Amino acid sequence: MITVMLADDEELVRQGLRAMLSAAPDIEVVGEAADGRSAVETARRLRPQVALLDIKMRQPDDGIRALRAMQSLPEPPRMAMLTTFDVDEYVSLALRFGANGFLLKDIEPGVLVRAVRDLSRGGAVLDPSVAARMVNAQRDEARAAAPARRLLASLSEREREVVGLIGQGMSNAEIGSKLHLSEATVKGYVSAVLSKIGAANRVQAALLAYRGGLVD
């Protein structure tokens, strides 16, 4: 039996996925989560073989941070990100953080079941339309490397450190521990950095860190 966990902040989406997967005799949905933090805790507790994660959830970086955290579990599940047509930057970052697949939320039942089976066997799954967008995103990243380095050069050394740690998926508390700063101080740095680089959220800051070479 293939055990699966679903993480999406829309209950109707989870219900739809559960219904499609429950029709397969060899798949069992063992847990659900509505945000990234509970997704990580559910995965730690239930140890599912496969996890399907909404790439954004309640916060712009929620799915990305959950992916990153779940990779560090003693027995991480195989993870595919659930996406829509308007989040190319998140797809690119999730790929860098080791996602095993990308599926559109309006996936057909048979395709979803095959994808979960492939993931459980160690395979990777990628919706063709997402693949085309990822190719374009990679080209865009190559063109963005030089501007990213110039933008990072305008930051102080400490601010670049903070951006680099955001790029590693660290929370404010983790960054504070790493740099021996209070969480409040880190929060101030993050706010200032996002303003200086014109980023709307931490995901965009993380992408800048990758494009600018702060994170391998």
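How much space lies in the largest pocket? In this predicted model, the answer is about 570 Å³, and the views below begin with the whole chain before turning to that pocket and to one helix.

**View 1. The chain as a whole, with its 10 helices and six strands.** Buried residues account for 50% of the 216 residues in the chain. The exposed area of the chain comes to about 10,300 Å², of which 49% is supplied by carbon and sulfur atoms. When contacts between residues at least 6 apart in sequence are considered, 68% of them join residues at least 24 apart.

**View 2. The largest pocket, which holds about 570 Å³ of space.** Its lining is made of 20 residues, and those closest to the pocket centre are Arg37, Val40, Arg65, Ala69 and Ser171. Two or more lining residues are given by helix 2 (36–46) and by helix 3 (62–71).

**View 3. The lining of the largest pocket, viewed by residue class.** Nine charged residues are found in this lining, together with six polar and five nonpolar residues.

**View 4. Helix 10, spanning residues 202–211, which is mostly covered.** Eight of the 10 residues in helix 10 are buried, a set that runs from Arg202 and Val203 through Ala205, Ala206, Leu207 and Leu208 to Ala209 and Tyr210. For the reader following the backbone onward, Gly213 lies just after helix 10 and takes a positive phi of about 85°.

Methods:
Residues are numbered from 1 along each chain as its sequence is written. This is a predicted model: local features need pLDDT of at least 70, side-chain atom pairs count only at pLDDT 80 or more; totals for chains, interfaces and linings use all residues. Side-chain values use heavy atoms; hydrogens and water are left out. On a 1 Å grid over the protein atoms alone, a cavity is a set of points where a 1.4 Å probe fits but cannot get out, and a pocket is an open set with protein on both sides within 12 Å along at least five of seven lines; lining residues have an atom within 4 Å of a point. Grid points are joined across faces, edges and corners, and a volume is the space filled by probe spheres set on the points. Helices (H or I, at least four residues) and strands (E, at least two) are DSSP runs, numbered from the N terminus. Ala, Val, Leu, Ile, Met, Phe, Trp, Tyr, Cys and Pro count as nonpolar, Asp, Glu, Lys and Arg as charged, and the others, Gly among them, as polar. Buried means under 20% relative accessible area, exposed over 50%, partly exposed in between (1.4 Å probe, protein chains only). Contact means heavy atoms within 4.5 Å. Accessible areas come from the Shrake-Rupley method with a 1.4 Å probe; for residues, only the protein chains shown count as cover.
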